[in-house]
Amino acid sequence: MDRMIADTAERIFSDHVDRGVLDAAERGEFPSALWDVVREAGLNLVGHPGSGTDGGDLYGLLTVAGRHAVPLPLAEVLIANSFLDETGLTTIAVDGVAPWARVADRVVTVEGEMTVDFDVAENANLAGESRDRVQMRDAHRVDVPGQLYERMALSRAALMAGALEGVLAMAIEYATEREQFGRPIAKFQAVQHNLAVLAGEVACARCACDGAIMTLGSANFPVTVAAAKARVGEAAGVAAEIAHQVHGAMGFTHEHSLHHFTRRLWAWRDEYGRETHWQEQLGRRVADGGADSVWEFLVGAG
Amino acid sequence: MFAGLLFEPTRLPGEAENLRTQVREFVARELPPDYWPNSDFNEGHSPAFSRKLGERGWIGMTWPKRFGGGERTFFERYVVTEELLAAGAPVSAHWIADRQSGPLLLNYGTEDQCQRYLPQIARGECFFSIGMSEPNSGSDLASVRTRAEKVSGGWIVNGTKIWTTDAHRNHYIIILVRTEPPSANRHAGLSQLLIDLHGEGVTVRPIKNLAGGEDFNEVVFEDCFVDDDDVVGEPGNGWAQVTSELGYERSGPERFLSAFRVLVEFVRAVGNEPSPGEAALIGRLASHLMTLRRMSISVAGMLQKGGSPVVESALVKSLGNDFEKLLGERVRLQAPPGNDRLEKCLRQTLLHSPSFTLRGGTREILRGVIARGLGLR
C-alpha cells in the first residue's frame, strides 16, 4: 500500500475518530464532519480509476480504517467509486441492506441494480453500525465489476484485519498498565501466552488478506477471498475472546472503548458470508479437483 | 504494527515456480508406486533418496558454489522443501544437515570446516544431528551440563544429550556444551562442538517412542576428545549461535505439513460431492494452510534479505503446529467409517502428534518468544 495514503489516513482517523464520534454514530448520527475531512483529503477516491491508486491501496486504506473503527461506509464508498463516477455518497446494498443508506445519494446492489430513488428504514448491526433496509424504486442496470460480492467480502476481511491490530494494541497496553498481585498482569505467563495467541491470529488475518489482495482481478480471487474471509473470521472470534479476557470486567463496560472494536469484529465476520459459507465454497473447490490434486490446488491458488 | 508481526506480502519468483514442476516430476519418478507417503519430515529415512536429491542440487541450495551449494534463493529452497514434504518423500536423512547444521557452519564455521563438511552435505552423503537437549535440560537450554574441558590441542567432553533424532544413523552431531563454569550470565560460557557420532567416547542408545518408532536417541559422551579444529564459531558464543540456528529450524513448511496427508485422504474418502459439513471442514483446513504458506514464504523472503526473523519464525511454528493437531482432530470426527487409508493416516498422525508441539521448541517456549517480541517480557 502507498505509504503516503496510509500516513494521511492514519493521521486523519487518529485526529477525527474519537469516542464522541463513535457514540454519536451509534445513536444514528452520520459523522459528516469526518466525511468532509475524508473527502477533502481525497481518501474517498482511493482505488478510483485515474486516481493513481489501485485495489491494494483501497484494501490497505480499509485496514487502517478498521484499526480506528471508522464509522463511515468507507468500504461501500471506495468500492462503488472504483467502478462508478463519483457522485456524493454511494452505498452498496446486499440482501436489501446498505450501510448509511439514510444519508446516501445513490444505492447500488451487489447484483448491479442502481437508483437514486429509494425508501429507507433505519437499522443497525450488532456493533450499532448503520445497516439500513432499502426499498429501491426506478432501479436500472449498471455494469458492476466481476466478483463484486467477493470484493465486498474482502472489504470486511480487511476491516477486521485492522480492527484486530487495534484490539491487540489495546490488550497489550491494558495488560502493561493494569497491576494485580503487585505487578502488571502482562508479567504473568498465563496472560503473556494468551496475548501471544492473539498476536498470532492478528498476523494470520493480515497475511490471509494480503493473499487475497495479491490475486485481485485474477481467476484465483474467489478462492483466496474465501480463504481470507474464513480465516480472518475465525481470527476475529479468537481475538475478541482473548482481548476481553485480558481486559477483565472493565472491557465489559460500555465506558471502555474495547467494545467498539470487538462488536465490529463480531458483526463483520457475519457480513458478506460468515466463516462456514466461505469454508464450504472453498472446500467444494478443493474436493472438485480430487484428493491427488489437493496440494496442486492450494499452491496454485496462492 | 509490532516488530515481529510484520509479514511482508511476498510472491514466489518465477524461477522458484519453475523448479516446482521439476520437483514434482522427480518425485513421481523416484518414489515406488506402492509408496505410502507421510508428510512428517521426521519420517522416511533414505540415504539413497537423499543422494539423488544431492545430485539434482536440491540440498544446500542457498550455499556458495565453492562449498558445493547452488547459490540459489531461499524461495527456491522453499519450493523444493514444500514439494518434497507434500509428496511425503523420505527426507529425514539430510534434513537437519541441510536446514540447520550447514547454515550454522556457513555462518560461524571456519573456511576449513566449510570445505570439509558442506560439499558432502550438499551431495546428500553426510548427515547431521542436533545436540541441544539433555536429560535435565529440555526447554531450559541454558542449563546444559555437558562439559568440555580444555586440554592441549582440543577439548574433553563429558555429558549426555537426549531426543537426538537419527543419531544412530547420522554421521555427525553439533552439540551445545558448557566450556566455562556457570556464572550470573546464564548465556555466557557456552560453545558448540562438532563431533563424529562414530568416534571414540560416543555411545548412542535408541529410545523407542510411543508409536513404536526408534528415531530418537540418547547420546553419551565419555572423555570424548574433540580437536580445536572442530569448535564451531567462537568458544563462549554458543548461545548466540544456537539462537540464530533456531530461526532456520522454526519457520519452514515442515512446521505445518506434518499431518497434510490426513487432509488428502479425507478428500479422497468424501469424494467430489462432500456434504456441507465435510466441505466446510476441508475449506477451513485449506484456509489455514493457505495462510500459513503465505507466512512461511514471507519468512523465506526475510531470510533471503539476510534478516534474522526470530519472532516471525516462532509465530509460524506455533500456529503451524496447532494447525497440524487441529487437522487430525477435526478430520477424525467427520471421517467416514471403514476407510482404511484414512484410518491409517489418522492413527499415524495421532500417535506422532504429541511431538508436533514439542520438537524444535515447545508451544510454551514459542509463546514466550512471541511475548518478548510484543514487549511483554
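In the predicted model, Gln147(A) is partly exposed, because 17 other C-beta atoms lie within 10 Å, a number short of the 20 or more that burial requires. Gln147(A) belongs to the loop that connects strand 7 (140-141) to helix 6 of chain A. Once neighbours within four places in sequence are set aside, Gln147(A) is in contact with Phe221(A) and Pro222(A). The C-alpha atom of Gln147(A) is separated by 8.6 Å from that of Gly217(A), a residue 70 places away along the chain.

The division of chain A into domains is considered next. Domain 1 of chain A covers residues 3-141, and domain 2 covers residues 150-301. The centres of domain 1 and domain 2 of chain A, taken over C-alpha atoms, are separated by 22 Å. Contact between the two domains involves 21 residues of domain 1 of chain A and 23 residues of domain 2 of chain A. On the side of domain 1 of chain A that touches domain 2, at least two residues each come from helix 2 (19-26), helix 4 and helix 5 of chain A. Helix 4 of chain A gives the most to this side, with 9 residues. By class, the residues on the side of domain 1 of chain A that touches domain 2 comprise 13 nonpolar, 5 polar and 3 charged.

Helix 4 of chain A was examined further. This helix runs over residues 55-67, and its 13 residues should span 18 Å at 1.5 Å a residue; the end C-alpha atoms of helix 4 are 19 Å apart, which agrees with that expectation. Helix 4 of chain A is mostly covered, with 11 of its 13 residues buried. The buried residues of helix 4 are Asp57(A), Leu58(A), Tyr59(A), Gly60(A), Leu61(A), Leu62(A), Thr63(A), Val64(A), Ala65(A), Gly66(A) and Arg67(A). Their cover includes helix 1 (3-16), helix 5 (74-81), helix 6 (148-177) and helix 7 (189-213) of chain A. After helix 4 of chain A comes Ala69(A), which has a positive phi, near 55°.

Helix 5 of chain A, part of the cover of helix 4, is itself mostly covered, with 8 of its 8 residues buried. These buried residues are Leu74(A), Ala75(A), Glu76(A), Val77(A), Leu78(A), Ile79(A), Ala80(A) and Asn81(A). Two helices of chain A, helix 4 and helix 6, are among the elements against which the buried residues of helix 5 pack. Strand 1 (90-93), strand 2 (97-98) and strand 3 (106-109) of chain A are also packed against by these residues.

Helix 7 of chain A, another part of the cover of helix 4, contains Gln192(A). Gln192(A) counts as buried because 21 C-beta neighbours lie inside 10 Å. Not counting residues up to four places away in sequence, Gln192(A) touches Ala186(A) of chain A, together with Arg367(B), Gly368(B), Ala371(B), Leu376(B) and Arg377(B) of chain B. A distance of 24 Å separates the C-alpha atom of Gln192(A) from that of His68(A), although their positions lie 124 residues apart along the chain when counted from one to the other.

The contacts of Gln192(A) with chain B lead to the interface as a whole. In total, 40 residues of chain B are in contact with 39 residues of chain A. On the side of chain B that touches chain A, two or more residues are given by each of helix 7 (260-270), helix 8 (276-304), helix 9 (310-334) and helix 11 (363-373) of chain B. Helix 8 of chain B gives the most to this side, with 16 residues. The side of chain B that touches chain A has 25 nonpolar, 8 polar and 7 charged residues.

Within chain B, helix 8 also packs with helix 3 (residues 74-86) of chain B, at an angle of about 145° and with the axes 8 Å apart. The crossing of these two helices of chain B is right-handed. Helix 3 of chain B makes this contact through Phe74(B), Phe75(B) and Tyr78(B), and helix 8 of chain B through Ile297(B), Ala300(B), Leu303(B) and Gln304(B). The residues of this contact divide into 6 nonpolar, 1 polar and no charged.

The domain assignment of chain B gives domain 1 (14-126), domain 2 (130-238) and domain 3 (251-373). The C-alpha centres of domain 2 and domain 3 of chain B lie 31 Å apart.

Conventions:
Residues numbered from 1 in each chain as written. Chains lettered and ligands numbered in written order. Predicted model: local features only at pLDDT ≥ 70, side-chain atom pairs only at ≥ 80, totals over all residues. Helix = DSSP H or I, 4+ residues; strand = E, 2+ residues; numbered from the N terminus. Expected span 1.5 Å × (residues − 1). Buried ≥ 20, exposed ≤ 12 C-beta atoms within 10 Å, placed from the backbone. Contact = placed C-beta atoms within 7 Å. Nonpolar A, V, L, I, M, F, W, Y, C, P; charged D, E, K, R; others polar. Domains from an automatic or database assignment. Axes fitted to C-alpha atoms, helices over the stretch in contact; angles between N-to-C directions. Left-handed = near helix turned anticlockwise from the far one by under 90°.
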